[in-house]
Amino acid sequence: MNRKEARLAISLALQSRTPSMTVVKDLEASVTSPKTAEMFTLLQKVGIGPSEHAKGKLEATSVIVSDKTENLYLSTRNIPYIKLLRADQLSVYDLLRPTKLLVSEKALADLNKQYGPDAAYKNDEAPADEEDGYKAGAE
C-alpha cells in the first residue's frame, strides 16, 4: 500500500468513527500524577462506560493524543482495553477496532493538518500541469 492509499484509508476511518469520537480539551494535562485510578475516573467522566462483554472492564477505547506524556502513559498502561496512541502513529486497525475514540483537542488539530483536505499533496508530488489540453505524460 502506498502513502496516498494509507492516508486515504486513515482519513476514511476517522470520518466513519466521528459518531463514537469524544474530544477532550486538555487531555494531556488532565492527568497530573501517574495514577491508574485517576485515569479510570477521567474515562468514566467523559462517558466511557463498562464493557458489555467483560464484567468490571471498560469499553475498548483508543486514546489519541498529540504527545505521550509520562503520567498519561503510566496511568493508562494498566487499564485493559485502553490503548494510548500518538496522532502521528495511527493505523486503520487502531481506529476501527475499539468501540470508542477519545481524542485531545491538540491531536484533533494534528489529525486535521495531517489527514484533512488541505494535506492532500503535503509529502507527495503535486499532479503535473496540463500541457496543450492533455495531462503531462499522456500520449
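Which element supplies the largest share of the lining of the second largest pocket? I opened my notebook with that one, keeping in mind that this is a predicted model.

**Entry 1: the pocket**

I found that α6 gives the largest share of this lining, with 4 residues. Two helices, α1 (3-16) and α6 (105-115), each supply at least two lining residues. I put the volume of this second largest pocket down as about 160 Å³. Walking round the wall, I listed S11, L14, Q15, T18, M21, L108, L111, N112, Y115, G116 and P117. I then sorted the lining by character and got 6 nonpolar, 5 polar and no charged residues.

**Entry 2: the cores**

Next I looked up how the nonpolar side chains group. In soluble globular proteins, nonpolar side chains tend to be buried together. Here the largest nonpolar core has 15 residues, and I noted L27, M39, L43, V63 and L102 as those with the most contacts inside it. The elements giving two or more residues to this core are α3 (36-45), β2 (61-65) and β3 (82-86). Of these, α3 gives the most, with 3 residues.

I picked M39 for a closer look. Setting aside its neighbours within four places in sequence, M39 touches V31, L72, S75, T76 and I79.

There is also a second, separate core of 14 residues, and A13, M21, L95 and Y115 are among them. I was pleased to meet M21 and Y115 again, since both also line the second largest pocket.

**Entry 3: T61**

Is T61 buried or exposed? I have T61 down as buried, because its relative accessibility is 0%, and the cut-off for buried is under 20%. T61 sits in strand β2. A polar atom of its side chain lies 3.0 Å from the backbone oxygen of E59. Beyond its neighbours within four places in sequence, T61 is in contact with I48, Y81, I82, K83, P98, K100 and L102. One of these contacts, L102, was already in my notes as a residue with the most contacts inside the largest core.

**Entry 4: Y81**

Since Y81 is on the contact list of T61, I went there last. Where is Y81 placed? I found Y81 in the loop between α4 (70-76) and β3. Most residues other than glycine have a negative phi. Y81 goes the other way: its phi is positive, near 70°. I wrote Y81 down as partly exposed, because its relative accessible area is 42% and so falls between the 20% and 50% cut-offs.

Note on methods: Residues numbered from 1 in each chain as written. Predicted model: local features only at pLDDT ≥ 70, side-chain atom pairs only at ≥ 80, totals over all residues. Heavy atoms only, no water. Core = buried A, V, L, I, M, F, W, Y, C linked by side-chain atoms within 4.5 Å. Buried < 20%, exposed > 50% of the residue type's maximum accessible area, 1.4 Å probe, protein only. Contact = heavy atoms within 4.5 Å. 1 Å grid on protein atoms, 1.4 Å probe; cavity = no way out; pocket = protein on both sides within 12 Å on 5 of 7 lines; lining within 4 Å. Points joined across faces, edges and corners; volume = space filled by probe spheres on them. Nonpolar A, V, L, I, M, F, W, Y, C, P; charged D, E, K, R; others polar. Polar contact = N/O pair within 3.5 Å; in protein donor to acceptor, adjacent residues only side chain to side chain.
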